[in-house]
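Please open the model in your viewer and keep the selection panel at hand. The tour proceeds by selections, each followed by a description of what is found there.

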Amino acid sequence: MADKAIVGIIMGSQSDLRVMREAAEFLEEMKIPFELTIVSAHRTPRRMMDYASSAQSRGLSVIIAGAGGAAHLPGMVASLTSLPVIGVPIKSSNSIDGWDSILSILQMPSGVPVATVALDGAKNAGILAAQIIGTKDKSVAKKLNQFKSTLQKKVEKSFQELETKGWKGTQ
Ligand code: RP5
């Protein structure tokens with residue numbers, strides 16, 4: 001992507017990409033320039049510190065961080081920057097049942113928030129990042145409104161289909 005990245009997508013391992021790509025795909029759809037890389041809190045702690053502490057001066061506005069198991073990446077990144085950090089808990093090979101990833105990312109101490117999305121909810125992380133960018137960028141806000149209206153139309157179509165079968169939907 002040619003333009004300077006304003007969203008940073010990071011993940012603890014290459015194995016997280018199967019989930020995290022959905023955030024990237026949504027940002028691509030919204031034409032929001034982003035960067036995507038692997039940064040591990042445990043295996044590359046110095047890289048994590050460099051990434052998080054330089055993020056704002058490099059022009060990023062939001063960071064999306066995904067990790068699984070003992071998922072310390074989003075919280076540690078949030079401790080090193082005042083940019084908003086969106087955390088994606090991943091059900092990885094070292095995760096027991098996903099709750100370990102969720103709680104590691106969600107239960108942050110007061111003063112260091114991570115906006116945590118659902119387990120494997122990378123698309124919502126992309127949407128939330130776009131919504132943050134859309135507070136200042138009118139063209140992104142317009143695209144998001146169109147996206148939300150397609151969501152509405154899909155539901156309308158499905159309840160209309162039920163009604164044509166003679167099955168009454170909720171009032
Ligand atoms: C975490 O450990 C990563 O974010 C990944 O979800 C998990 C497993 O990593 P790999 O062993 O697949 O590299 O740090």
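Helices, as the term is used here, are DSSP runs of at least four residues, numbered from the N terminus. The model is a predicted one.

Begin at the end of a helix: select Gly 166, which follows H6 and has a positive phi, near 90°. Now extend the selection to residues 138–164, helix H6 itself. At 1.5 Å a residue, its 27 residues should span 39 Å, and the end C-alpha atoms are 39 Å apart, so the expected and modelled spans agree.

At the N-terminal end of H6, select Asp 137 and Ser 139. Asp 137 acts as the cap, with a side-chain oxygen 3.0 Å from the backbone nitrogen of Ser 139.

Next, display the side chains of Val 140, Leu 144 and Phe 147, which are buried residues of H6. Residues three or four places apart on an α-helix point the same way, because there are 3.6 residues a turn. Add helix H1 (17–29) and helix H5 (122–134), which are among the elements covering the buried residues of H6.

Move then to Ser 92, in the loop between strand E4 (85–90) and helix H4 (99–106). Ser 92 counts as buried because its relative accessibility, 13%, is under the 20% cut-off. Its side chain makes a polar contact of 2.5 Å with that of Asn 94. Leaving aside residues up to four places away in sequence, Ser 92 touches Arg 18, Gly 68 and Gly 69.

Finally, select Gly 12, Ser 13, Arg 43, Gly 68 and Asn 94, which lie nearest the centre of the largest pocket. This pocket has a volume of about 300 Å³ and is lined by 17 residues: five nonpolar, ten polar and two charged.

How values were computed. Residues numbered from 1 in each chain as written. Predicted model: local features only at pLDDT ≥ 70, side-chain atom pairs only at ≥ 80, totals over all residues. Heavy atoms only, no water. 1 Å grid on protein atoms, 1.4 Å probe; cavity = no way out; pocket = protein on both sides within 12 Å on 5 of 7 lines; lining within 4 Å. Points joined across faces, edges and corners; volume = space filled by probe spheres on them. Nonpolar A, V, L, I, M, F, W, Y, C, P; charged D, E, K, R; others polar. Helix = DSSP H or I, 4+ residues; strand = E, 2+ residues; numbered from the N terminus. Buried < 20%, exposed > 50% of the residue type's maximum accessible area, 1.4 Å probe, protein only. Polar contact = N/O pair within 3.5 Å; in protein donor to acceptor, adjacent residues only side chain to side chain. Contact = heavy atoms within 4.5 Å. Expected span 1.5 Å × (residues − 1).
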